[in-house]
Amino acid sequence: MSTATSILSSGSERLDTWSRRSQPKIEIYLAGQTPGHVNSYTTGESIDGNVTVTVDYETRFDEIEILFEGVSRTSVERAACPGRTGSQQMFLKLRQPIDEMEYPTPRVLEAGRSYQYPFTFVIPDRLLPQVCTHAKKNAHIHQSHTLLPPTLGDPILASNGKTLLDDMAPTMSQIAYTIRASVLQKKLSGQGVVSIAGVAKKIRIIPIVEEEPPVEISASLSLCTRKEKTVKRGTLRGKLGRIVASSSQPKPIQLLPPAGEPTDTVSTVATVNLRFDPVGDEQPPQLGTMTSKLRVSTFFSAVPWDDFPSTNGMPLSQIGSGLYPETIHLLTMCVASAQWTKQSMAADTLRRNSTDSSSSDSSTGPSSTFTGDTYYTASVVVPVTLPKSKAFVPTFHSCLMSRVYALDLSLSYHTPATNLMTPTISLRLPVQFTSQAKRTESLKSSLGVTVTQEELEEFFQPRNVTSPTDFSNNLNNVVVDVGLAPPEYSERLSTVRANR
């Protein structure tokens with residue numbers, strides 16, 4: 001009889017769980033939340049708020065779970081056969097510890113009462129090494145892949161908090177951060193828990209990104225910092241000489257921090273150095289216009305990148321990867337007033353031999369066919385100002401996707417005779433996008449988060465990578481679940497123990 005009673009009790013408990021008229025209502029409140037706006041944060045800031053749980057009927061529970069998660073998702077069209085393949089990586093998962101004393105006794109949510117549980121999460125600047133365990137060609141890849149990536153690919157979040165802006169990411173790639181709250185109940189078997197109610201709130205993360213060393217131009221066929229071209233008198237006519245254009249990677253464009261008030265225009269400048277090597281005593285061509293465009297490239301892949309992505313080599317679609325480019329027109333300006341300066345090799349030799357002069361590092365070397373003595377030089381300064389109609393994120397490289405930028409510069413010039421088309425000479429320069437800090441004091445000193453010893457031990461237990469699973473939409477979803485805290489938590493471990 002006791003066995004029958006036990007079975008009946010178990011069945012009633014199951015019926016009570018699934019036949020309830022309404023699930024617990026969960027609401028997530030963020031400090032500083034403005035209706036209709038998405039909260040934005042940067043490195044070192046704390047995400048403060050509370051979770052409110054209410055029920056219409058008495059509800060048994062075992063735990064309230066509050067998580068801060070970061071997930072990246074990609075999907076790629078297969079070239080060999082129809083369908084898609086893709087991946088999902090949970091690169092950040094922090095849990096808010098809740099003291100046992102904060103729960104009601106017994107663990108029953110009463111109707112008509114509100115239960116509040118505060119939370120605080122701190123935005124880390126790095127991820128744990130366990131996040132990136134795939135094969136890599138050099139240590140720089142691991143360094144980049146363990147930096148916190150920005151929110152990307154969600155039009156609701158790609159905004160300045162007031163208007164929706166396009167962040168120029170394809171639907172095939174997305175990086176999202178959420179605060180997630182759930183009411184958990186132990187399974188009838190006693191093994192594990194099940195969520196009886198859950199809700200999530202999206203937030204926008206734009207981490208602080210500092211300047212990296214200049215890009216190695218020789219490693220990318222798509223970049224061009226120097227180009228030379230034959231200047232002709234006109235169509236089907238003789239040569240005037242060779243024109244050379246060269247430049248270097250400009251200073252990074254510093255993006256404003258989330259919700260930061262602009263104190264000046266977000267911009268940089270590029271200097272294009274020109275040289276004309278005449279065939280004889282010809283004059284240099286008259287300059288026309290300088291056109292600048294920003295090339296935005298989003299790389300994504302179904303498998304982790306083992307190197308920094310580029311357009312070199314085989315088509316990306318054949319290796320389970322994709323590239324989504326977008327070009328933004330920035331400026332067209334007249335440079336006809338730029339003056340050519342006559343130079344001579346003999347004078348250059350005298351200057352180099354002089355002890356009281358220094359050579360200019362902005363000079364442009366001779367063209368490949370130059371054998372004379374006289375040449376001409378000029379410089380054009382190109383301002384770069386970002387349009388306010390787009391949402392920009394810092395340059396970043398993660399395991400599954402990357403965002404890089406390049407500046408396309410095209411200079412037109414005129415020759416004495418009429419040409420069917422106006423001749424141009426073009427360059428493509430790499431440009432980094434960095435993100436400023438909201439404050440100047442040390443960020444790590446403010447990364448104080450209260451966690452229990454049990455939570456700390458759990459944070460540092462590595463999780464396994466699940467095997468690929470086929471879904472109905474033919475998407476091979478590889479989930480990497482990293483339930484780990486960032487390195488800053490380990491730095492605070494001694495302080496946490498000392499404060500107990």
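# Strand S20 and its surroundings

In strand S20, Tyr405 is the bridge partner of Val296, and I would like to begin from that pair and work outward through the rest of the chain. Before I do, please keep in mind that what we have on the screen is a predicted model.

Let me stay with S20 for a while. Val296 belongs to strand S15, residues 286-301, and this strand and S20 pair in the antiparallel sense over 13 bridges. S20 also pairs with strand S21, residues 424-431, over 8 bridges that are again antiparallel, and within that pairing you can find Leu411 standing opposite Ile425 of S21. There is a further partner in strand S19, residues 396-397, which is joined to S20 by 2 bridges in the antiparallel sense. One of the residues to look at here is His397, whose bridge partner in S20 is Ser402, and if you follow the chain from S19 into S20 you will see that the two form a hairpin with 3 residues between them. As a reminder for anyone new to this kind of picture, strands of a sheet pair through backbone hydrogen bonds, either parallel or antiparallel.

How much of S20 is buried? The strand is mostly covered, with 11 of its 14 residues counted as buried. That brings us to the interior of the model, where the largest nonpolar core has 82 residues, and where Ile47, Phe68, Ile179 and Leu294 touch the most other members. Strand S20, residues 401-414, gives the most to this core, contributing 6 residues. In general, nonpolar side chains tend to be buried together in soluble globular proteins.

Ile47 is a useful place to look inside that core. Leaving aside residues up to four places away in sequence, Ile47 touches a set of residues that includes Leu30, Phe68, Phe119, Phe121, Ile179 and Ile203.

From there we can turn to a sheet in the earlier part of the sequence. Strand S3, residues 46-54, runs antiparallel to S8, and 9 bridges join the two, with Thr52 having Gln116 as its bridge partner in S8. These strands belong to an open sheet of 3 strands, ordered S1-S3-S8 and paired in the antiparallel sense. Strand S1, at 25-30, and strand S8, at 114-122, stand at the edges with a single partner strand each, and so one side of each is left without a neighbour in the sheet. Ignoring direction, neighbouring strands of this sheet are turned by 20° against each other on average.

Next I would point to Ile98, which lies in the loop between strand S6, at 84-95, and strand S7, at 108-109. With a relative accessibility of 15%, Ile98 counts as buried, because the cut-off is under 20%. When residues up to four places away in sequence are set aside, Ile98 touches Ile64, Ile66, Tyr103 and Tyr117. Ile98 and Phe119 are 21 residues apart in sequence, and their C-alpha atoms are 8.7 Å apart in space.

Now to a charged residue, Arg275, which lies in strand S14, residues 267-278. Is Arg275 buried or exposed? At 3% relative accessibility, Arg275 counts as buried. Its side chain is joined to that of Asp277 by a polar contact of 2.7 Å, and the Arg275 side chain also reaches the backbone oxygen of Thr364 at 3.3 Å. Apart from residues up to four places away in sequence, the residues that Arg275 touches include Arg242, Trp340, Met345, Thr364, Phe370, Tyr375 and Tyr376.

What about the cysteines? A search of the whole structure finds 0 disulfides. The sulfur of Cys132 is 3.8 Å from the closest cysteine sulfur, that of Cys399, and this is too far for a bond because a disulfide needs the two sulfur atoms within 2.5 Å. Cys132 is buried, at a relative accessible area of 3%, whereas Cys334 is exposed, at 59%.

Finally, let me step back to the chain as a whole. The secondary structure comes to 6 helices and 24 strands, and buried residues make up 45% of the 500 residues in the protein chain. Among contacts with a separation of 6 or more, 77% are accounted for by residues 24 or more positions apart.

Terms used. Residues numbered from 1 in each chain as written. Predicted model: local features only at pLDDT ≥ 70, side-chain atom pairs only at ≥ 80, totals over all residues. Heavy atoms only, no water. Pairing = 2+ DSSP bridges. Helix = DSSP H or I, 4+ residues; strand = E, 2+ residues; numbered from the N terminus. Axes fitted to C-alpha atoms, helices over the stretch in contact; angles between N-to-C directions. Core = buried A, V, L, I, M, F, W, Y, C linked by side-chain atoms within 4.5 Å. Buried < 20%, exposed > 50% of the residue type's maximum accessible area, 1.4 Å probe, protein only. Contact = heavy atoms within 4.5 Å. Polar contact = N/O pair within 3.5 Å; in protein donor to acceptor, adjacent residues only side chain to side chain.
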